[in-house]
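I opened a fresh page for this model and wrote down what I looked up, with the cut-offs beside each term.

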Amino acid sequence: MVTPALAVGTEQKKRYLLQAGEGFSNLVPDEDVQTAVWQYNRQTPGPVIRIKQGETLQIPFSNKLIQPTSIHWHGLRIENRMDGVPGITQSVIEPGTEFLYEFTPPDAGTFWYHTHNRSWEQMARGLHGVLIVEEKEPIVVDQDLVWVIDDWLIDRDGNIDESSLGALHDWAHGGRVGNLLTVNGKSQPEFPVFRGERIRLRLVNVANARTMNLRFTQVSPQAIAIDGQPIVPAPLENSALTLAPGQRIDLILDMTMSPGERMAMEFYLGEEAMVAASLVCDLYKVVREVPLDTNIQLTKNPLSTTLDMANARTVDLSIEGGAMGRMREAVFNGRKLPIQELVKEKKIWAINGIAGLSDEPLFSVERGETVVIQMDNKNRWPHAMHIHGHHFINIDEGEGFDVVWRDTFLLNPNGKKRFGFVADNPGKWLIHCHMIEHQAGGMVTWFEVV
Ligand code: C2O
Ligand code: CU
């Protein structure tokens with residue numbers, strides 16, 4: 001459901017009102033069941049905000065929730081004071097108060113926004129939406145669809161399971177994993193298409209913790225962008241892909257099915273497949289018999305992609321903790337605590353021996369410096385590592401796509417990877433796991449660009 005932006009203003013500046021509040025949504029397959037959720041602008045997921053590259057977006061935001069909140073603009077390389085991180089870039093936005101977000105995203109692409117306060121609860125209740133920055137020279141497509149993929153933990157009455165919110169067991173294991181998968185807040189929605197159409201499909205995984213294994217039937221999608229950054233178009237291997245929490249992918253799908261046929265995106269849960277959403281081809285109308293032959297390569301964004309490896313600042317980042325882990329102690333709030341004490345504080349993950357945010361940054365670099373972060377995942381769990389305000393590239397050999405600049409990378413258990421980027425955005429930026437319960441449980445640090 002692409003909601004047209006309620007945007008007014010000049011060509012250069014768009015104003016978009018956003019309000020967080022409580023509401024209801026029909027998430028479960030039974031149409032009569034309404035689930036109490038938290039929403040932006042009374043929608044689940046929040047509205048799709050669209051602007052053009054180069055435009056300034058002004059968002060007067062009001063908090064009608066019973067908790068303080070903030071909004072983080074995930075993947076957007078914007079000014080630090082608009083990054084939405086309480087205690088680091090702004091104060092929390094108290095209930096009944098407002099905050100004016102304003103920024104000019106440099107990159108075109110598929111991005112998203114979500115709460116960054118008590119995210120383990122507020123995201124589980126539904127506070128997220130998509131932000132699309134349209135290319136100055138867009139590629140030709142017939143439809144531009146956004147599929148927001150989410151995972152909810154719902155109790156027997158169709159309510160969000162509240163008893164498990166904040167459960168330490170989840171925090172120490174794979175995070176809050178749900179029992180209801182939705183696309184755009186619906187169970188197995190269907191979208192009408194016509195034979196011959198070219199669809200741009202933007203997938204966003206907004207789940208707290210679930211990594212989505214997806215596969216397409218009938219069509220062979222081509223990937224054209226990852227985490228908002230264009231790539232050299234490439235077909236998906238086996239028409240399948242993995243999308244970790246926080247990640248996005250833009251696909252091109254040509255509707256080569258016959259009238260009346262449908263194409264499904266399926267979730268893979270172990271051996272089992274389940275329809276996530278479908279494209280249903282109209283019985284009568286045909287748009288074209290031969291698929292389009294126009295360019296699908298997106299124009300590059302103004303991202304610094306030249307790494308100065310000779311003078312790079314190398315930083316080690318090792319991740320410890322979690323269930324079945326070997327962590328015995330870590331520093332929390334400036335004090336070294338044994339694991340029993342850390343458990344009481346619910347800080348069961350640590351980066352370089354520190355659980356949660358410390359006063360000092362993990363590292364501090366000068367603007368323009370090349371940074372290489374060597375991540376060492378010394379525990380039994382995968383982690384979706386996210387860096388704020390920058391996109392980075394895996395500089396090890398053997399990645400699937402040629403050149404991929406991500407903002408969130410899925411690190412395997414015991415995996416070691418090196419990530420390079422140019423630290424060209426001044427300010428204080430977080431690095432954390434996007435399995436939100438891991439972040440809450442201590443897997444978060446920050447660095448400074450001066
Ligand atoms: Cu989308 Cu700090 O995260
Ligand atoms: Cu994690």
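**Copper site**

I looked up H438 before the rest and found that it counts as buried because its relative accessibility is 0%, where buried means under 20% relative accessible area, exposed over 50% and partly exposed in between, with a 1.4 Å probe and protein chains only. C433 also counts as buried, because its relative accessibility is 0%. I then noted that the copper ion (ligand 2) is coordinated by H383 (ND1), C433 (SG) and H438 (ND1), at 2.0 to 2.1 Å; donors are N, O and S atoms within 2.8 Å of the metal (3.2 Å for Na, K and Ca), and water is not among the atoms, so sites may look incomplete. The spacing of these donor residues in sequence reads H-x49-C-x4-H.

I kept the conventions here: this is a predicted model, in which local features need pLDDT of at least 70 and side-chain atom pairs pLDDT 80 or more, while totals for chains, interfaces and linings use all residues. Side-chain values use heavy atoms, without hydrogens and water, residues are numbered from 1 along each chain as written, and chains are lettered from A and ligands numbered from 1 in written order.

**Strands**

For strand β11 (residues 180–183; strands are DSSP runs of E, at least two residues, numbered from the N terminus) I found L180 and T182 buried on one side and L181 and V183 buried on the other. Strand β10 (residues 143–152) runs antiparallel to β11 and is joined to β11 by four bridges, where pairing requires at least two DSSP bridges; D151 has L181 as its bridge partner.

In strand β17 (residues 240–243), L241 and L243 form the covered face, whereas A240 and T242 form the uncovered one. L214 stands opposite L241.
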